[in-house]
Amino acid sequence: MKDITLYHGSKGGIVGNIEPNSRIRCDFGKGFYMGTKPEQAKTLVYHDAMPIFYTMQFELSKIPKDRILTLKDIPWALYVLYNRGRLETVKNTDLYQQIATLDKDKDVIIGPIADDNMNQVMRQFETGDITDKVLLECIRCIDYGTQYVAKTKEACNCINIQLEENLDMSKYDEYQRYTNDRRAESIEKVKIIKRQYRGEGRYLDEILNMPNNQNILKHTMRTTNLENKFENSLQPNKDHPNTGLGLGN
């Protein structure tokens with residue numbers, strides 16, 4: 001896979017070597033998180049006392065392809081729920097075990113970013129208020145960017161800091177306005193999607209109780225080239241232009 005420039009926001013700065021030491025309950029578990037959108041990384045830390053913003057080069061070309069996992073659609077959603085501790089009710093099932101071992105022998109995991117508004121959508125999916133169809137359309141249309149997570153020290157050794165800078169807090173209002181505008185736009189998109197796909201798709205409990213539900217993971221999970229395939233899956237649905245209003249950078 002090609003090397004890529006990514007962004008990271010830190011509450012106080014990186015001291016020493018880069019390590020996969022985030023909180024365990026993050027989207028993809030413990031790791032070092034980076035994203036494709038600088039604005040998104042900045043808004044995560046701009047309210048902190050000492051926010052530091054990093055531009056980084058991730059040398060993916062040094063990592064074997066079979067040790068890079070790209071997640072999308074329902075496998076992505078289930079893996080995020082698993083890492084957040086939201087699938088404990090099915091802990092003794094084969095599906096749970098497959099989800100729990102998705103990252104086995106993987107150095108890097110790649111997938112959509114679930115920001116605050118997507119977190120709300122995820123909770124609605126978790127509680128059975130929306131179907132997988134609604135969830136997936138929200139993922140495609142509410143684009144917070146893509147996160148790359150270095151899960152091992154070997155992967156972290158392939159990350160080079162290109163630029164370290166203190167966030168300009170004179171732009172605090174700009175960061176806040178960006179966050180508020182994104183939130184408002186996302187809320188409206190979710191309303192449209194929920195109306196448009198009302199009654200379509202499957203609820204989480206239906207998915208978890210499906211016979212041979214391991215096929216759910218095999219259907220869309222893949223270790224593949226992100227630039228050619230994964231990013232295309234995040235583009236607005238051309239069949240539904242009303243929900244395909246791309247968010248700006």
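Helix axes here are lines fitted to C-alpha atoms over the stretch in contact, and the angle between two of them runs from 0 to 180 degrees between N-to-C directions.

**Figure 1. Helix H2 packs against helix H5 in this predicted model.** The axes of H2 and H5 (residues 132-141) lie 10 Å apart and make an angle of about 95 degrees. Angles of 65 to 115 degrees count as roughly perpendicular, and H2 and H5 therefore belong to that class. If you would like to find the contact, look on the H2 side for Asp73, Ile74, Trp76 and Ala77, and on the H5 side for Asp132, Leu135, Leu136, Ile139 and Arg140. By type, the residues of this contact divide into 6 nonpolar and 3 charged, with no polar ones.

**Figure 2. A close look at helix H2 and the residue Gly85.** How many of the residues of H2 are buried? The count is 11 of the 11 in H2 (residues 73-83), so this helix is largely enclosed by the rest of the structure. Among the buried residues are Trp76, Tyr79 and Tyr82, as well as Asp73 and Asn83. Just after H2 comes Gly85, with a positive phi of about 75 degrees.

**Figure 3. Helix H1 meets helix H7.** Here H1 (residues 38-45) and H7 (residues 172-196) pack with their axes 10 Å apart, at an angle of about 110 degrees. These two helices are therefore roughly perpendicular to each other. H1 brings Glu39, Gln40, Lys42 and Thr43 to the contact, while H7 brings Tyr175, Tyr178 and Thr179. The residues of the contact of H1 with H7 divide into 2 nonpolar, 3 polar and 2 charged.

**Figure 4. The largest pocket and its lining.** About 1200 Å³ of space lies in this pocket. Its lining takes in 40 residues, and those nearest the centre are Gly9, Arg23, Cys26, Tyr33 and Leu44. Which elements give two or more residues to the lining? They are strand S1 (4-11), strand S2 (32-35), H1, helix H4 (116-126) and H7. The lining residues divide into 15 nonpolar, 15 polar and 10 charged.

**Figure 5. Stepping back to the whole protein.** To place the close-ups, note that the protein has 10 helices and 7 strands. Of its 249 residues, 49% count as buried. Among contacts in the protein with a separation of 6 or more, 86% come from residues 24 or more positions apart.

Definitions and conventions:
Residues are numbered from 1 along each chain as its sequence is written. This is a predicted model: local features need pLDDT of at least 70, side-chain atom pairs count only at pLDDT 80 or more; totals for chains, interfaces and linings use all residues. Side-chain values use heavy atoms; hydrogens and water are left out. Helices (H or I, at least four residues) and strands (E, at least two) are DSSP runs, numbered from the N terminus. Angles under 35 degrees count as roughly parallel, over 145 as roughly antiparallel, 65 to 115 as roughly perpendicular and the rest as oblique. Contact means heavy atoms within 4.5 Å. Ala, Val, Leu, Ile, Met, Phe, Trp, Tyr, Cys and Pro count as nonpolar, Asp, Glu, Lys and Arg as charged, and the others, Gly among them, as polar. On a 1 Å grid over the protein atoms alone, a cavity is a set of points where a 1.4 Å probe fits but cannot get out, and a pocket is an open set with protein on both sides within 12 Å along at least five of seven lines; lining residues have an atom within 4 Å of a point. Grid points are joined across faces, edges and corners, and a volume is the space filled by probe spheres set on the points. Buried means under 20% relative accessible area, exposed over 50%, partly exposed in between (1.4 Å probe, protein chains only).
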